[in-house]
Amino acid sequence: MVRVRIEEIEEYARVNNVPIMLKDGIEFLTNYIKENNIKHILEIGSAIGYSAIKMALVDDDIKVTTIERDKVRYDIALKNIDDFNLNNRINIILGDALEIDIDEKFDLIFIDAAKSQYIKFFEKFDKNLISGGKIVTDNLSFHGLVEDDSKTNNRNTKQLVRKIRNYIDYLKKNENYETKFYELGDGVAISIKK
């Protein structure tokens, strides 16, 4: 039953152009959560709740706090979370992540929201990460445009690609974290807090 629902969410995302993690990316992330015994997760960018649900389903002890600023997507995420009976383990907050303050500490922070704000998200929520905790970032390839932006003539897209490249440089130079980059999904980075 649950498997069918996940496929329905994936289909809804495809039909309605809702960006969710690519299959190999979400599999990598959920395996990483399992292998590293991660229990307390903060997600920046819920969309329709897909990745929060996938992460929560890894283990019954996992709790996810997720933030979404789009009211329509927030409402759909709420329904999806409810359909999976995960209301007691996934706390979804409606609002702009840059305007929300959270006191809790997390084992893992997953950034999958406005790509132009990645550095701001990273810096804002760094204080919420335990020592040795991980920050996972998705969409660092941005459909291959980060490696080769000649595939687009769109000025806004080129600016966004430049911001993603700046973020990648920021991760490489950040001495408080050790970052590894993975060429799967749409490009994933895992930054481990020293």
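## Exercises on salt bridges, a sheet and a charged patch

A search of the whole structure finds ten salt bridges, each defined as a side-chain nitrogen of Lys or Arg within 4 Å of a carboxyl oxygen of Asp or Glu. This is a predicted model, where local features need pLDDT of at least 70, side-chain atom pairs count only at pLDDT 80 or more, and totals for chains, interfaces and linings use all residues. Residues are numbered from 1 along each chain as its sequence is written, and side-chain values use heavy atoms, with hydrogens and water left out.

**Exercise 1.** Find the residue with which Arg 14 forms a salt bridge.

*Solution.* Start from Arg 14: the partner is Glu 11, and the closest N and O atoms are 2.7 Å apart. Next, place the pair: both lie in helix α1 (residues 2-15), three residues apart, about one turn of the helix. Helices (H or I, at least four residues) and strands (E, at least two) are DSSP runs, numbered from the N terminus.

**Exercise 2.** Work out the strand order of the open sheet, then explain what is special about β3 and β6.

*Solution.* First, the seven strands follow the order β3-β2-β1-β4-β5-β7-β6, with mixed pairing; two strands pair if DSSP finds at least two bridges between them. Second, β3 (90-94) and β6 (177-182) are the edge strands: each has a single partner strand, so one side of each is left without a neighbour in the sheet.

**Exercise 3.** Trace how β6 is joined to β7.

*Solution.* Six bridges join β6 to β7 (residues 188-193), and the two run antiparallel. Among the partners, Glu 178 matches Ile 192, while Lys 180 matches Ile 190. Finally, look at the connection: the two strands form a hairpin with five residues between them, and Gly 185 in the turn has a positive phi of about 60°.

**Exercise 4.** Locate Lys 120 among the helices.

*Solution.* Lys 120 is found in helix α5 (residues 118-125).
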